[in-house]
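Okay, thanks for making time, everyone. I'd like to walk you through a couple of sheets and a couple of serines, so let me put the structure up.

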Amino acid sequence: NCYVSQSRYSSCGNGNGVYVLGANNYLAWATNPSQWKTRVPLVSKVYKGPKLVLGGSTGAIFTSTDLVTFDAQSANSSVSIAAITYGGGLYVIGGNGNNIFSSTDAITWTQGNVAISQNFTTMTYGAGLYVTNNGVNAYTSTDAITWVNRPNGSGASIGSYAYGAGLFVGGSSTNGVMRSSTDTITWGAVTSNTATSVIAIVTGK
């Protein structure tokens, strides 16, 4: 889990015993959630896979293995990166203007075949599937190249997805609407006990 005490942070990731928080123009990291160190490599999103991958505005991508040295990478795109995940041996990033890219090393990136117009704000991996948002549908892929629409049945736009305990869970900005699925094909309603927006979901042990 990540513990956030300041509103400046908008994303959170952890792995290999390191917690990372990201926001516009700001990065903080810690091995102990009560003792934070800061870096400023102009990033907005973070994800901790084998490498730390950071994405920001105008296509900015940075990678690091030690949270001290950051290497600039490029997917040859100028769109803002709003979603990052890692799984199945791939880093997958999503951004504004219907752009999705994937990479095995976070250095060389391949653009996915995206046939919709959508700003991708969430990305998760589980059960061999990459999942992102497409309005009232989930947008899924087994290879991050070919993507398929999967209606979630809620009639509400789902803007956040996460995977854990064998379930994909999606949250909406509409009256606390949430959906869950084991395979992204059949979705069921989730009782959220809230009427407010569900803008972020995280899973953990």
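**Two sheets and two serines**

Let's start in the middle of the chain: strand 10, residues 90-95, and strand 11, residues 99-103, run antiparallel and are joined by five bridges. Keep in mind as we go that this is a predicted model. If you want a landmark for that pairing, find Val92, which stands opposite Ser102 in strand 11.

Now zoom out a bit. Those strands belong to an open sheet of four, in the order 9-10-11-12, and the pairing is antiparallel. So which strands stand at the edges? Strand 9 and strand 12, the latter being 110-111. Each of them has a single partner strand, so one side of each is left without a neighbour in the sheet.

Just ahead of strand 9 comes the first serine on my list. Ser77 sits in the loop that links strand 8 (71-73) to strand 9 (81-87). What does the side chain of Ser77 do there? One of its polar atoms lies 3.3 Å from the backbone nitrogen of Val79. Then there are the contacts further off in sequence: leaving out anything up to four places away, Ser77 touches Thr58, Gly59, Asn99 and Phe101. Asn99 and Phe101 should ring a bell, as strand 11 covers residues 99-103.

Okay, on to the other sheet. Here we have another open sheet of four strands, ordered 17-18-19-20, again with antiparallel pairing. Its edge strands are strand 17 (158-164) and strand 20 (188-190), and each of those pairs on one side only. From one strand to the next, the twist averages 30°.

Look at the start of that order. Strand 17 pairs with strand 18 over six bridges, in the antiparallel sense. The landmark this time is Ala162, standing opposite Val169 in strand 18.

Strand 18 covers residues 167-172, and that brings us to my other serine, Ser172. Buried or exposed? Ser172 counts as buried, because its relative accessibility is 0%, and the cut-off for buried is under 20%. And where does its side chain go? The side chain of Ser172 reaches the backbone oxygen of Ser157, at 2.8 Å. There's also Ala156 to look at: Ser172 and Ala156 are 16 residues apart in sequence, yet their C-alpha atoms are 6.5 Å apart in space.

So, to put the serines side by side: the Ser77 side chain has a backbone nitrogen at 3.3 Å, from Val79, while the Ser172 side chain has a backbone oxygen at 2.8 Å, from Ser157. That's my tour, thanks.

Conventions
Residues numbered from 1 in each chain as written. Predicted model: local features only at pLDDT ≥ 70, side-chain atom pairs only at ≥ 80, totals over all residues. Heavy atoms only, no water. Polar contact = N/O pair within 3.5 Å; in protein donor to acceptor, adjacent residues only side chain to side chain. Contact = heavy atoms within 4.5 Å. Buried < 20%, exposed > 50% of the residue type's maximum accessible area, 1.4 Å probe, protein only. Pairing = 2+ DSSP bridges. Axes fitted to C-alpha atoms, helices over the stretch in contact; angles between N-to-C directions.
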